[in-house]
Amino acid sequence: MAHLRALDGVQFDYVIVGGGTSGCLVAARLALELPNRRILLVEAGPDDSADPDNNVPGLTKGKFGSKDGNWLYQTAPQQELRGREIIYPRGRGLGGSS
Ligand SMILES: Cc1cc2nc3c(=O)[nH]c(=O)nc-3n(C[C@H](O)[C@H](O)[C@H](O)COP(=O)(O)OP(=O)(O)OC[C@H]3O[C@@H](n4cnc5c(N)ncnc54)[C@H](O)[C@@H]3O)c2cc1C
């Protein structure tokens, strides 16, 4: 992974924003099918792919309510839940919410 500043002045044929499930798939597919094109995959979060908590399904649970690799969105108050707001986890890192 390169820091964005290291890419100053570098040109790309395709820029994909979001290295989640679909972004990684599109980038991998483009790289395979168009090997001579320059492809940039931009991800806001870190590369935690070596973290066992991200690789073992039973261990990911602890991350749902934490800011670790998580945008930790919150819903609007839900009328049907007596106005409660619900934590809405979305992955922030390479691999996204997958
Ligand atoms: C808790 C949870 C459990 C799930 N369980 C299942 C399941 O069991 N089976 C199933 O099929 N699906 C499941 N899903 C759904 C599945 O993970 C998503 O549908 C899928 O990951 C969506 O892919 P995506 O590429 O659209 O978004 P994501 O995978 O969320 O990727 C979006 C990426 O964009 C990045 N990003 C956002 N804004 C910016 C920005 N401005 N600049 C750079 N990067 C940015 C994010 O950090 C993220 O990495 C689950 C989702 C969650 C949250």
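How far does a polar side-chain atom of Thr21 lie from an oxygen atom of the ligand? The distance is 2.6 Å. Keep in mind as you look around that this is a predicted model.

**Around the ligand**

Let's start with the surroundings of that contact. The ligand is surrounded by 18 residues, and Thr21, Ser22, Glu43, Pro89 and Ser97 are the closest of them. Sorted by class, this shell holds nine polar, six nonpolar and three charged residues. Thr21 is joined by Trp71, which also brings a polar side-chain atom to an oxygen atom of the ligand, while Gly93 offers a polar backbone atom instead. Here are the three contacts side by side:

| Residue | Protein atom | Ligand atom | Distance |
|---|---|---|---|
| Thr21 | polar side-chain atom | oxygen | 2.6 Å |
| Trp71 | polar side-chain atom | oxygen | 3.0 Å |
| Gly93 | polar backbone atom | oxygen | 3.0 Å |

How much of the ligand's area does the protein bury? The ligand taken alone exposes 1,000 Å², and 52% of that is buried by the protein.

**Strands 1 and 2, and the helix between them**

Now to the fold. Strand 1 covers residues 14-17 and strand 2 covers residues 39-42; the two pair in the parallel sense, with four bridges between them. One pairing to find in your viewer is Val15, whose bridge partner in strand 2 is Leu40. To get from strand 1 to strand 2, the chain passes through helix 1, residues 21-33, and this β-α-β crossover is right-handed.

Helix 1 is also home to Ala28. Is Ala28 buried or partly exposed? Ala28 counts as partly exposed because its relative accessibility is 42%, which falls between the 20% and 50% cut-offs. Its C-alpha atom is 9.6 Å from that of Leu41, a residue 13 positions away along the chain.

**Two loop residues**

Two loop residues are also worth a visit. Gly45 sits in the loop between strand 2 and helix 2. With a relative accessibility of 7%, Gly45 is under the 20% cut-off and therefore counts as buried. The C-alpha atoms of Gly45 and His3 are 12 Å apart, with 42 residues separating the pair along the chain.

Asn70 belongs to the loop between helix 2 (52-55) and strand 3 (73-74). Why does Asn70 count as buried? Its relative accessibility is 6%, so Asn70 also falls under the 20% cut-off. What does the side chain of Asn70 reach? That side chain comes to 2.8 Å from the backbone nitrogen of Leu72.

Methods
Residues are numbered from 1 along each chain as its sequence is written. This is a predicted model: local features need pLDDT of at least 70, side-chain atom pairs count only at pLDDT 80 or more; totals for chains, interfaces and linings use all residues. Side-chain values use heavy atoms; hydrogens and water are left out. A residue is near a molecule or strand if one of its heavy atoms lies within 4 Å of it. A polar contact is a pair of N or O atoms within 3.5 Å; within protein, one must be able to donate a hydrogen and the other to accept it, and residues adjacent in sequence count only if both atoms are side-chain atoms. Accessible areas come from the Shrake-Rupley method with a 1.4 Å probe; for residues, only the protein chains shown count as cover. Ala, Val, Leu, Ile, Met, Phe, Trp, Tyr, Cys and Pro count as nonpolar, Asp, Glu, Lys and Arg as charged, and the others, Gly among them, as polar. Two strands pair if DSSP finds at least two bridges between them. A crossover is right-handed if, with the strands pointing away from the viewer, the path from the first strand over the helix to the second runs clockwise. Buried means under 20% relative accessible area, exposed over 50%, partly exposed in between (1.4 Å probe, protein chains only).
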